[in-house]
Each structure stands twice: as C-alpha cells, then as structure tokens.
Amino acid sequence: MENGTGNSTNYFNLKELNHATHALDRNQKTYSNVLQCIGNTPLVKLSKIPKEEGLECDIYAKCEFLNPGGSVKDRIAYRMFLEAEKKGILVPGKSVIIEPTSGNTGIGLALAAAVRGYRCIIVLPEKMSDEKVNTLKALGAEIIRTPTEAPTMSPESNVMVAKRLSKEIPNAVLLDQYNNVCNPLAHYDTTAEEILWSMDDDVDMVVIGAGTCGTISGVAHKIKERCPKCVVVGVDPYGSILAQPEEINESDVQMYEVEGVGYDFLPKVLDRSVIDKWIKTEDSTSLQMSRRLIKEEGLLCGGSSGAAMWGAMQAAKSLKAGQRCVVILPDNIRNYMTKFISDQWMEARHFKPLPVNDKIWWWNKQLSEDIIKPCSSISPDCTVAKALALLHKTGDTLLAVLNDQKSIKGVFTTDNARQRLANLSASTGESLDKFIVKKYYKVNIDNKPTLGEVSRILDISPYVVVVKTEEYIEKPLGTITSEDLMHYITTNGNHMNGNCKA
Ligand code: P1T
C-alpha cells in the first residue's frame with residue numbers, strides 16, 4: 001500500500017489531466033442506464049438547524065445521498081471504472097473487480113459491475129453496516145469482511161487482504177481509491193463544478209468529511225481555482241489521524257462508530273495543502289446531528305453527514321449574514337436502518353438518553369448481580385468443537401472468549417457458530433478465532449445500569465453481556481436474556497396489581 005504524503009508538492013496536477021466533459025443538464029428525459037444518473041445532485045438550503053444554532057450565514061446541503069447507489073462514492077467508482085475500461089485494464093466478462101472500502105465505493109463499483117457485467121469482490125471491515133453488505137449482495141457482489149481493529153498496514157486489514165487477493169485471483173483488477181487519481185478528479189470535474197454552478201462561482205466555505213480525502217482534495221482544487229476566497233474545512237473524527245498526522249500517538253487511533261470517515265494512514269489522494277481548517281468530531285454529536293438533519297430538514301442522510309454538518313455548525317460561526325457555506329452530505333439513511341436510526345442502538349451507546357418510564361416498577365431499578373446468569377469463559381485457542389461441547393453441557397447462552405489478560409475479547413454463541421459453519425469453508429476442529437462475535441451488547445455493572453436500559457438493549461439483541469472493570473480490564477460477569485429479566489420481574493413484582501410495586 002502506497003502511503004501518500006498528503007502534501008501538494010507531490011500531488012497530482014489535476015488541472016492538466018484529461019477532464020470528463022461534464023454536462024450540467026438537468027432536463028434529460030431518459031437515461032441509457034442508471035450509471036448516467038450519477039451526479040447532478042441537488043443543493044438544498046437548510047431552513048431550521050442553522051437558525052437554531054444561531055448562525056447568520058446561509059447553509060446549503062449538497063445531497064450526495066441521492067446518487068443511485070446512495071452515496072457520493074458512486075462518482076469516483078464510476079470514474080475509476082470508466083477510465084480503466086478505456087485503458088483496457090477492465091475487460092467486461094473477464095476482469096474481476098476487487099476493492100477495499102468502507103462500503104460505499106464498493107456499492108458504486110458493484111452498481112457499475114452489475115450494469116456492465118463484471119464479477120466484483122468487495123473487502124470491508126466488520127464495523128461497516130449489514131445494510132451495506134445486503135445492498136452489495138443484492139447487486140451481486142461477493143463480500144469479504146476483515147477485523148475492524150486491524151491497522152491498515154497489517155496483513156488482516158481490508159486494504160491488505162484486497163491487495164493480496166488481487167494478486168492471487170486471475171484477471172483481478174484493484175482500482176485502488178486511495179491512490180487512483182480518478183478519485184479526486186471525479187470531484188474536481190463534477191462535484192466542485194456543480195457546487196460552483198449552483199453558487200454562481202461565489203461560495204464562502206465548503207465543509208467536507210475526510211475519508212480517502214478524494215472528495216475534499218478534488219473539490220478544494222477546483223474551488224480554489226475559481227473562487228479563491230472560499231475556506232475549505234475538513235471534518236475528521238477523533239480516533240483518526242488525517243487532521244493531525246504530525247502528532248500521531250498510537251492511542252490516537254481508536255474505534256468510532258461513524259462510517260466512511262477517518263483513517264490511520266494518509267492516502268495518496270489527500271492533499272492537505274488545499275485544506276484550510278480541520279474540525280474534529282465525535283460519534284455522539286455527529287449522529288445526533290444526522291438525526292436532526294432527517295427529522296428537521298427531511299434529508300434522509302447517513303452518519304458522516306451529521307459529522308460534516310456538526311463541523312459546519314462550528315466553522316460557519318465565523319461567517320456573516322449573506323455569506324454562503326456548502327456542506328456535503330455523503331450517504332443515505334438506508335445504510336444505517338439498524339444503526340443510528342434505531343433509538344435503542346443510540347441509547348445502548350449512550351448517544352441518546354433512555355426513555356423515561358415511571359409507570360413500570362422495575363424500569364429504574366439498578367441491575368443487581370442476582371439477575372445475571374454467570375457464563376463460562378474460554379480461550380480463543382480452543383477448538384470450536386470444544387466450545388460447542390461446553391455450551392451444550394452448561395446450557396449457557398454464550399461463552400465469554402478471554403484474551404491472555406483475561407479481558408473479554410468477544411463471545412462465542414451456538415447461533416453464530418452455526419452461521420459461520422454453514423457459510424464458511426470452516427470446520428469445528430479449528431480454533432475459535434474466526435468464530436468470535438465482536439459486535440455484541442454489553443453493560444458495565446460499575447456504571448449502575450438500570451433494568452430499563454437492559455430491556456431496551458434486549459429489544460435489539462437476544463442477550464446482554466454484563467462486565468465489570470477490574471484494574472482497567474473488562475471482565476465478564478455473565479449474561480441476561482429476556483427470559484432472565486422476565487423471571488426476575490414475575491418473581492419479584494406484584495403482578496396482580498400490574499405495575500404498582502414501589
Ligand atoms: O473518501 P472521501 O472522498 O474522503 O469521502 C469520505 C466519506 C464520507 N462519508 C461516507 C459515508 C463515506 O463512505 C466516505 C468514504 N467512503 C469510502 C472511502 C468507501 O470506501 O466507501
């Protein structure tokens with residue numbers, strides 16, 4: 001993997017490259033295929049949120065979520081695809097497209113592959129939503145998921161797995177959005193042109209989330225040429241190094257929930273010299289802002305849209321009445337229907353307060369250890385067969401998989417084991433590694449969770465794992481299922497009078 005410098009002296013000369021003749025024609029009556037409908041997204045003036053936030057300037061949302069595949073990444077996927085076809089690198093019916101992605105570039109490529117007849121393999125981290133995976137599968141793509149925690153330069157990362165596969169699979173082509181000039185070029189030629197056209201070449205600020213940084217670098221290059229006064233603001237989540245690569249500590253690379261933005265390396269398609277200001281964002285305020293964009297402005301966008309909008313609300317404080325700021329909303333609500341759109345998902349991560357429920361006697365009661373069903377633990381080196389035998393013997397819901405420090409690495413469930421054995425070429429003689437469930441819900445007893453909180457999590461998960469922190473290590477105490485909670489409620493409550501027990 002080529003690691004870019006993120007600095008303009010080595011950057012592509014976008015101005016001198018071959019440009020797509022971009023027709024800003026909104027009146028076309030029919031299209032020869034859906035790929036022709038990429039781009040030309042609307043720019044919508046926001047009516048409520050900027051006012052509520054006390055801003056004087058006008059804020060416009062570039063609705064990239066209205067692209068056919070549901071994101072801004074359709075633009076670059078199609079541009080990389082077209083260029084490769086033109087050069088004979090991609091041959092329909094023969095070439096196999098392989099791409100590492102946080103999902104949206106994958107959807108864009110799978111869309112083009114479906115229309116043009118290619119096999120397409122998409123490699124994406126476990127963190128990315130099942131909604132993206134289901135969309136990809138519906139488009140006929142094959143999916144490989146990689147551990148979220150794997151650093152980009154490690155062999156297990158999506159980038160490195162895709163790179164390895166592209167060497168192993170005959171006729172494989174890796175278009176490589178991190179290094180491919182067509183990524184910023186697509187935005188230089190189309191996204192930026194559209195913004196400038198809509199704003200009559202007069203815009204004071206653009207606010208853009210940073211992932212590969214193709215969007216921000218491509219848009220910034222064109223806008224700086226045509227409207228040099230425009231301030232370009234990059235939005236980067238805490239946990240990523242894109243905003244402050246000079247000051248990287250290992251602890252700065254952390255997991256965050258917002259998908260598509262932030263990295264632990266500098267992609268070659270990033271040009272930091274055209275970005276005037278960076279704003280760091282966190283999950284909670286970003287995702288709350290996405291929900292406001294949906295609820296108050298009717299813009300059915302995704303999580304990074306909220307991050308960009310939150311960043312815009314900070315950066316645009318410096319703008320005066322009459323000045324204009326454009327915020328890019330990169331993807332669509334569809335990708336997150338079971339994630340931040342769900343109240344329970346937000347509450348489980350403390351991004352949203354629990355609903356108040358004073359009428360139910362147990363709702364505000366603190367979780368006590370007697371409700372928790374203890375669970376056995378197992379080492380990740382054990383075989384699947386041994387884990388299954390242990391679960392059968394104990395009748396437990398799950399096993400806690402512990403690492404060397406005895407902290408919980410994940411859980412092992414029969415249901416997940418069945419799914420993995422049915423769908424992978426795996427056997428019960430293997431070690432647990434590939435069978436560890438890392439996306440599971442937990443509460444920490446030290447945080448004094450209520451039964452209401454547990455109940456809300458049980459709305460979206462068959463079990464809740466209860467942990468306790470000892471010497472900075474999270475240790476499993478056990479699990480709670482609906483059955484356990486119901487047993488407690490029926491044996492402790494006065495159910496003849498409904499919910500009256502104090
Ligand atoms: O890659 P970039 O042009 O910087 O766009 C960032 C971005 C923002 N928001 C969402 C929802 C995204 O999916 C992305 C980037 N996505 C990828 C890199 C990808 O592979 O889908």
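**A ligand and its surroundings**

The protein chain is divided into domain 1 (34–70 + 181–336), domain 2 (73–174) and domain 3 (343–492), with bounds from an automatic or database domain assignment. This is a predicted model, where local features need pLDDT of at least 70 and side-chain atom pairs count only at pLDDT 80 or more, while totals for chains, interfaces and linings use all residues. Residues are numbered from 1 along each chain as its sequence is written, and side-chain values use heavy atoms, leaving out hydrogens and water.

Me: What makes a residue count as near the ligand?
Reply: One of its heavy atoms must lie within 4 Å of the molecule. Here 21 residues surround the ligand, and the closest are Lys73, Thr101, Thr212, Thr215 and Ser304.

Me: Why is the pair between Ser304 and the ligand called a polar contact?
Reply: A polar contact is a pair of N or O atoms within 3.5 Å. A side-chain N or O atom of Ser304 is 2.6 Å from a nitrogen atom of the ligand, so the pair meets that limit. A backbone N or O atom of Gly211 likewise lies 2.7 Å from a ligand oxygen atom.

Me: What makes the shell residues polar, nonpolar or charged?
Reply: Ala, Val, Leu, Ile, Met, Phe, Trp, Tyr, Cys and Pro count as nonpolar, Asp, Glu, Lys and Arg as charged, and the others, Gly among them, as polar. By that rule the shell divides into five nonpolar, 13 polar and three charged residues. Domain 1 and domain 2 each give at least three residues to this shell.

Definitions and conventions:
Polar contact = N/O pair within 3.5 Å; in protein donor to acceptor, adjacent residues only side chain to side chain.
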